[in-house]
Amino acid sequence: MNQATIPDNDDEEDGGAPPIPVGAKNYMTPQGHLRMKNELLKLIDVDRPEVVQIVSWAASNGDRSENGDYIYGKRRLRQIDGRIRFLTKRLDLAEVVDPAVHYGSDQIFFGATVRYETQSGEEHTVTILGIDELDPLNGKISWISPVARALTKAREGDSVTLKTPGGIEELLILEVTYPAPAV
């Protein structure tokens, strides 16, 4: 695991992930669930034992107050433990939903990839995924986002209303697709 994926702040376990709304389920795709599970297992089986070994070695070198390996190792261990707690909580709350069950449908549900047009003629393509899977710069939005909420349950050809800070926007749904079921 590279250093950038673990938060620098010891108190921050979630890496800036949005909170799950109260009473809501933590929907995610099978692929998103597998990614989180693999990250958790790597932290537990590989990263944490490596850091524990370094901290143990550094502690055996004597004075810990000025021992950079010891100080950094303990800090890194706290970060890894925080991330392990966060991933464990999120996976415990996970509700895995396979979007392939809607393959061939033109109605928008969790997991849909939607191509829509704004009033100004701009086309956008988004995939509606779980909170822990979002990547807005690559068109992967959370199911709780305003755009996803406006699109959900609509069909190809429908026009939906999106309330934005700049006012009301009409979105025309051009295409709805789902991944094909695994064979």
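User: What makes two rings count as an aromatic pair here, and how many pairs does that rule give?

Analyst: Rings of Phe, Tyr and Trp (its six-membered ring) pair if their centres lie within 6.5 Å; planes under 30 degrees apart count as stacked, over 60 as edge-to-face and the rest as tilted. By this rule the count is two aromatic pairs. This is a predicted model, in which local features need pLDDT of at least 70 and side-chain atom pairs count only at pLDDT 80 or more, while totals for chains, interfaces and linings use all residues. Residues are numbered from 1 along each chain as its sequence is written, and side-chain values use heavy atoms, with hydrogens and water left out.

User: Why is the pair of Tyr-27 and Phe-110 called tilted?

Analyst: The centres of Tyr-27 and Phe-110 are 6.1 Å apart, within the 6.5 Å limit. Their planes make 45°, which is neither under 30 nor over 60 degrees, so the pair is tilted. Tyr-27 sits in strand 1 (residues 26-28) and Phe-110 in the loop between strand 2 (94-96) and strand 3 (113-117), 83 residues apart. Helices (H or I, at least four residues) and strands (E, at least two) are DSSP runs, numbered from the N terminus.

User: How do you know whether Tyr-27 and Phe-110 are buried or exposed?

Analyst: Buried means under 20% relative accessible area, exposed over 50%, and partly exposed in between (1.4 Å probe, protein chains only). Tyr-27 has 28%, so it is partly exposed. Phe-110 has 12%, so it is buried.

User: What makes the pair of Tyr-27 and Trp-143 edge-to-face?

Analyst: The angle between the planes of Tyr-27 and Trp-143 is 80°, with 5.1 Å centre to centre. The angle is over 60 degrees, so the pair is edge-to-face. Trp-143 lies in the loop between strand 5 (140-142) and helix 3 (146-151), 116 residues from Tyr-27. At 18% relative accessibility, Trp-143 is buried. Ring pairs join Tyr-27, Phe-110 and Trp-143 into a cluster.

User: Why is the chain called more spread out than a compact globule?

Analyst: The chain has three helices and seven strands, in the order β-α-α-β-β-β-β-α-β-β. Its radius of gyration is 21 Å, well over the 16 Å that the globule rule gives for 183 residues, so the chain is more spread out than a compact globule. The radius is taken over C-alpha atoms, and the rule is 2.2 Å times the number of residues to the power 0.38. The C-alpha atoms fill a box of roughly 70 × 45 × 30 Å along the principal axes.

User: What share of the residues counts as buried?

Analyst: Of the 183 residues, 36% count as buried.
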